[in-house]
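Please look at the sequence and the structure below. The paragraphs that follow go through one pocket, one helix, the fold as a whole and one sheet.

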Amino acid sequence: MRVVFAGTPEPAVASLEALIESPRHEVVGVISRPDAAAGRGRKISRSPVAALADEHAIPVITPRRLKDPEAVEQLREWAPECAPVVAYGGLVPPELLDLPTHGWVNLHFSLLPSWRGAAPVQAAIAAGDEMTGASTFRLEAGLDTGPVFGVVTERIRDTDTAGDLLGRLSETGAHLLVTTLDGIEDGYLEAKPQPADGISTAPKITIDDARIRWDLPAHLIDRHIRAMTPHPGAWTTLDDLRVKVLRASMVTDPVDVTPAPGELAVTKKALYVGTKTVPIRLDSVQPQGKKAMAGPDWARGARLTDGQALT
């Protein structure tokens with residue numbers, strides 16, 4: 001089939017690669033978000049998806065809005081039979097939903113109808129789900145409400161960060177997406193309506209959402225930190241300076257420290273912080289304006305002492 005691919009960040013790259021390598025589908029164009037500042041130097045750069053398309057000499061458009069006249073005209077010229085979408089980051093206007101012969105097929109990183117929205121992987125980890133997966137569905141006007149073509153499942157590991165889990169889902173999801181397009185082309189795959197039960201939502205995460213609440217039980221804090229890693233990054237403050245918590249560990253063995261929620265306990269080999277239940281060990285942190293470092297190294301360099309509090 002002639003396909004136009006819509007996607008932007010790194011997790012969408014595997015799907016575009018799989019479509020390029022597929023002998024059955026021809027990627028005639030790519031839609032991605034506009035070039036943006038990235039990295040510590042804030043250098044303007046292409047999205048990962050646009051960069052891959054450039055490598056393969058595939059035409060790319062980066063409209064601010066997909067309903068812009070120039071974008072609509074280019075879509076019509078490309079005349080796609082299907083438009084797969086993976087983490088594009090922009091709305092497909094209702095008037096364009098029927099432009100491709102077989103519509104727009106979205107790869108979403110959850111088992112729909114669970115975790116509809118922008119942050120399904122983070123939501124699944126934060127909620128303590130044991131299983132998640134990816135779904136392909138036909139895009140419609142509602143938010144991730146369209147009928148589902150297929151799913152793959154993935155177990156959530158106890159130490160998974162959102163980055164870890166999304167990395168695996170992007171690979172298995174890419175295979176699902178190509179298989180879905182194969183089935184649509186062959187005419188045997190039909191989308192089925194999502195169940196009315198089990199609906200949950202995963203809205204876009206803000207920086208404020210990523211702040212750690214030390215008054216919660218340790219297992220909820222552990223999930224929160226893993227869900228926010230690597231983006232936007234779980235954070236806390238010490239003396240009004242922001243500190244990102246990059247990696248932390250649940251303390252399973254008895255420890256000879258009992259700090260109050262948010263209070264630090266410093267030993268020669270570890271840095272602990274109190275919670276509502278048991279302490280959590282801070283394994284890797286990034287203080288404001290500094291590079292990432294091990295928790296004990298931060299404690300020594302900043303001369304942290306027992307009783308100082310994170311807020």
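Which element supplies the largest share of the lining of the second largest pocket? The answer is H6, from which four residues of that lining come. The model is a predicted one, and the description of this pocket rests on it. The pocket has a volume of about 320 Å³. Its lining is made up of 17 residues, and those closest to the centre are Arg-157, Asp-158, Thr-159, Asp-222 and Arg-226. Besides helix H6 (218-227), at least two lining residues each are supplied by helix H4 (120-126) and by strand E11 (241-250). By residue class, the lining holds eight charged, five nonpolar and four polar residues.

Helix H6 can next be taken by itself. Is H6 mostly covered or mostly open? It is mostly covered, with seven of its 10 residues buried. The buried residues are Ala-218, Ile-221, Asp-222, His-224, Ile-225, Arg-226 and Ala-227. Two of the names given for the centre of the pocket return here: Asp-222 and Arg-226 are among the residues closest to that centre, and both are buried in H6. What do the buried residues of H6 pack against? Their partners are H4, H5, E11 and strand E14 (280-287).

H5, one of those partners, spans residues 162-186 and contains Asp-182. Why does Asp-182 count as buried? Its relative accessibility is 18%, and buried means under 20%, so Asp-182 falls on the buried side of the cut-off. Leaving aside residues up to four places away in sequence, Asp-182 touches Arg-24 and His-25.

The protein as a whole gives the setting for these elements. It has seven helices and 15 strands. The C-alpha trace spans about 65 × 45 × 30 Å along its principal axes. There are 311 residues, of which 49% count as buried. The exposed area is about 15700 Å², and carbon and sulfur atoms supply 51% of it. Among contacts between residues at least 6 apart in sequence, 65% join residues at least 24 apart.

Some of the strands can be followed in a sheet. In what order do its strands stand? Seven strands form an open sheet with mixed pairing, in the order E5-E2-E1-E6-E7-E8-E9. The edges are held by strand E5 (60-61) and strand E9 (148-155); each has a single partner strand, so one side of each has no neighbour in the sheet.

Strand E6 (residues 83-86) has E1 on one side and E7 on the other in this order. With strand E1 (residues 2-7), E6 pairs in the parallel sense over two bridges, and Gly-7 stands opposite Val-86. Strand E7 (residues 104-108) also runs parallel to E6, joined to it by four bridges, and here Ala-83 stands opposite Trp-104. Are the faces of E6 covered or open? Both are covered: Ala-83 and Val-85 are buried on one side, and Pro-84 and Val-86 are buried on the other.

Towards the E9 edge the sense of pairing is antiparallel: strand E8 (residues 131-138) and E9 are paired in that way over seven bridges. In this pair, Thr-136 stands opposite Gly-150 in E9.

Definitions and conventions: Residues are numbered from 1 along each chain as its sequence is written. This is a predicted model: local features need pLDDT of at least 70, side-chain atom pairs count only at pLDDT 80 or more; totals for chains, interfaces and linings use all residues. Side-chain values use heavy atoms; hydrogens and water are left out. Buried means under 20% relative accessible area, exposed over 50%, partly exposed in between (1.4 Å probe, protein chains only). Contact means heavy atoms within 4.5 Å. On a 1 Å grid over the protein atoms alone, a cavity is a set of points where a 1.4 Å probe fits but cannot get out, and a pocket is an open set with protein on both sides within 12 Å along at least five of seven lines; lining residues have an atom within 4 Å of a point. Grid points are joined across faces, edges and corners, and a volume is the space filled by probe spheres set on the points. Ala, Val, Leu, Ile, Met, Phe, Trp, Tyr, Cys and Pro count as nonpolar, Asp, Glu, Lys and Arg as charged, and the others, Gly among them, as polar. Accessible areas come from the Shrake-Rupley method with a 1.4 Å probe; for residues, only the protein chains shown count as cover. Two strands pair if DSSP finds at least two bridges between them.
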